[in-house]
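Thanks for coming, everyone. I'd like to walk you through one model today, starting with its pocket and working outward. Have a look at it first.

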Amino acid sequence: MFGKYALVLTLPLLVAAAGGRPGRPAPAPAAAHVASRIFARRSVATPPQLGAAVNTVMLDSANPRYVDTLLHHYGSVTPEYEMEMSQLEPRRGAFDFTNADRIVAFAARHGLPVRGHTLVWDEMIPAWVTHREWTKPQLERMLHGYIQTVVSHYRGRVSEWDVVNEPLTTDGRLRRNLWERVIGPGYIALAFRWAHRADPQATLFLNEYGAEWQDAKERALHRLVGGLRAAHVPVSGVGFQAHLSLSAHPPQAELTAVLRSFAQLGVHIEVTELDVQAAGSAPLAQRLAAEARIYAAVGAACHAVAACSRVTTWGVTDADSWLGRNQVGLPFAADYRAKPAWWALRAAVNPRA
């Protein structure tokens, strides 16, 4: 589904794309690094927060146990799909914040911070965007207006945003999506600058999947983030999605090393979409134990790195997981019982409890 496009992510290219010259980064706006200072590094003695992705279907369900489980066990929420472009602007110029507003209002009633997800992605784009030809100035104006409208609408109510989601391919090349093809590599820097201008107090994340291992993609992501920050682009956080499986998951030591290497860039770190595909022919108890070990490893890796302040699971129960029930990938079972994964995750992020 992705184009065959090779792009070497070098610092000179990123600086030029961000509006400066190699060796002479463009001057930063006066408040360019405000967002990066919002979150102080937590003490290792302070456990990372636990958050969950939610959706209006589950919040509106007749079963009150969903809300009870969410409020009792989690401290923040991420809209699962209600803040995607296809949901917020289904027709050009016709914004619809209804469902996203309901989640934000729910969070406000219960004192929960909200992670905005996601401003720029190559999926969940409405047909009016994908089914026309754009010039670079046209697409820049459209994207700028979209980001300005959405972030301004939630200014002061959404504390952080996944600004750019999944910009890299598996081998670490810049994904040739609509934004890159028409605007060019500089779309990433532009998106962050536009979001920062719309809400200088929000923490702005680059969110990526499959970068939890020390490999080509992780190194490319590190170069990308380092280059953007060297060019004074207000990237203040990096999100590691951590969609893992029983057969594909990084050892705890390796994930810890990855998180530490990004912390050295001066960014805020979060695990943003954790789940574990645990389907298979092995007995359920065996799979649940393996799942729990993976959750424990992720939680322990975040706890070990002071810059990592939150682990968000991509849903609450196996019943509301995008993976499907047979994957048993979330910390709570379909009947809302806490699984071994939940107890393992909670103990790993807060071993002194």
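**The pocket, the cavity and the rest**

Okay, so 16 residues line the largest pocket, and those lying nearest its centre are Trp 121, His 243, Glu 273, Trp 314 and Trp 322. The volume of this pocket is about 330 Å³. Sorted by class, its lining has 6 nonpolar, 5 polar and 5 charged residues. For the classes, Ala, Val, Leu, Ile, Met, Phe, Trp, Tyr, Cys and Pro are nonpolar, Asp, Glu, Lys and Arg are charged, and the others, Gly among them, are polar.

Before I go on, the fine print. This is a predicted model, so local features need pLDDT of at least 70 and side-chain atom pairs count only at pLDDT 80 or more, while totals for chains, interfaces and linings use all residues. Residues are numbered from 1 along each chain as its sequence is written, and side-chain values use heavy atoms, with hydrogens and water left out.

Pockets and cavities come from a 1 Å grid over the protein atoms alone: a cavity is a set of points where a 1.4 Å probe fits but cannot get out, a pocket is an open set with protein on both sides within 12 Å along at least five of seven lines, and lining residues have an atom within 4 Å of a point. Grid points are joined across faces, edges and corners, and a volume is the space filled by probe spheres set on the points.

What about closed space? By that rule there is 1 cavity of 30 Å³ or more, and the largest holds about 40 Å³. Its lining is Glu 84, Met 85, Thr 118, Leu 119, Val 120, Trp 121, Glu 123, Met 124, Ile 125 and Trp 179. You'll recognise Trp 121 from the pocket centre. Strand E3 (residues 115-120) gives the largest share of the cavity lining, 3 residues. By class, the cavity lining has 7 nonpolar, 1 polar and 2 charged residues.

Stay on E3 for a second, since Thr 118 sits in that strand. The peptide bond leading from His 117 into Thr 118 is cis, with omega near 0°. Most peptide bonds are trans, and most residues other than glycine have a negative phi.

On that second point, which residues should you click on? His 232 has a positive phi, near 65°, and it is in the loop between helix H10 (216-230) and strand E6 (237-240). Tyr 336 has one too, near 75°, in the loop between E9 and H13. His 232 is partly exposed, at 25% relative accessible area, whereas Tyr 336 is buried, at 11%. Buried here is under 20% relative accessible area, exposed is over 50%, and partly exposed is in between (1.4 Å probe, protein chains only).

Zooming out, the chain has 13 helices and 9 strands. These are DSSP runs numbered from the N terminus, helices being H or I with at least four residues and strands E with at least two. Of the 353 residues, 56% count as buried. Taking contacts with a separation of 6 or more, 79% join residues 24 or more positions apart, where contact means heavy atoms within 4.5 Å.

Two helices show the packing. In H13 (residues 340-349), the buried residues are Ala 341, Trp 342, Ala 344, Leu 345, Ala 348 and Val 349. Down the axis of H13 they fall within an arc of 165°, so they line one face of the helix. The arc is taken from the directions from the helix axis to the C-beta atoms. Their cover includes strand E1 (49-54), helix H3 (64-73), helix H12 (284-304) and strand E9 (308-313).

Now H3 itself: Tyr 66, Val 67, Thr 69 and Leu 70 are buried. Those residues cover an arc of only 165° around the axis, which puts them on the same side of H3. Pro 64 and His 72 are exposed on the other side. E1, helix H2 (56-59), strand E2 (77-79) and helix H5 (98-109) are included in what covers the buried residues of H3.

Last stop, the cysteines. How many disulfides does the structure hold? There is 1, a disulfide being a pair of cysteine sulfur atoms within 2.5 Å. Cys 302 and Cys 308 form it, with their sulfur atoms 2.1 Å apart. The link is left-handed, at -100° about the S-S bond. Cys 302 is buried at a relative accessible area of 0%, and Cys 308 is buried at 0% as well.
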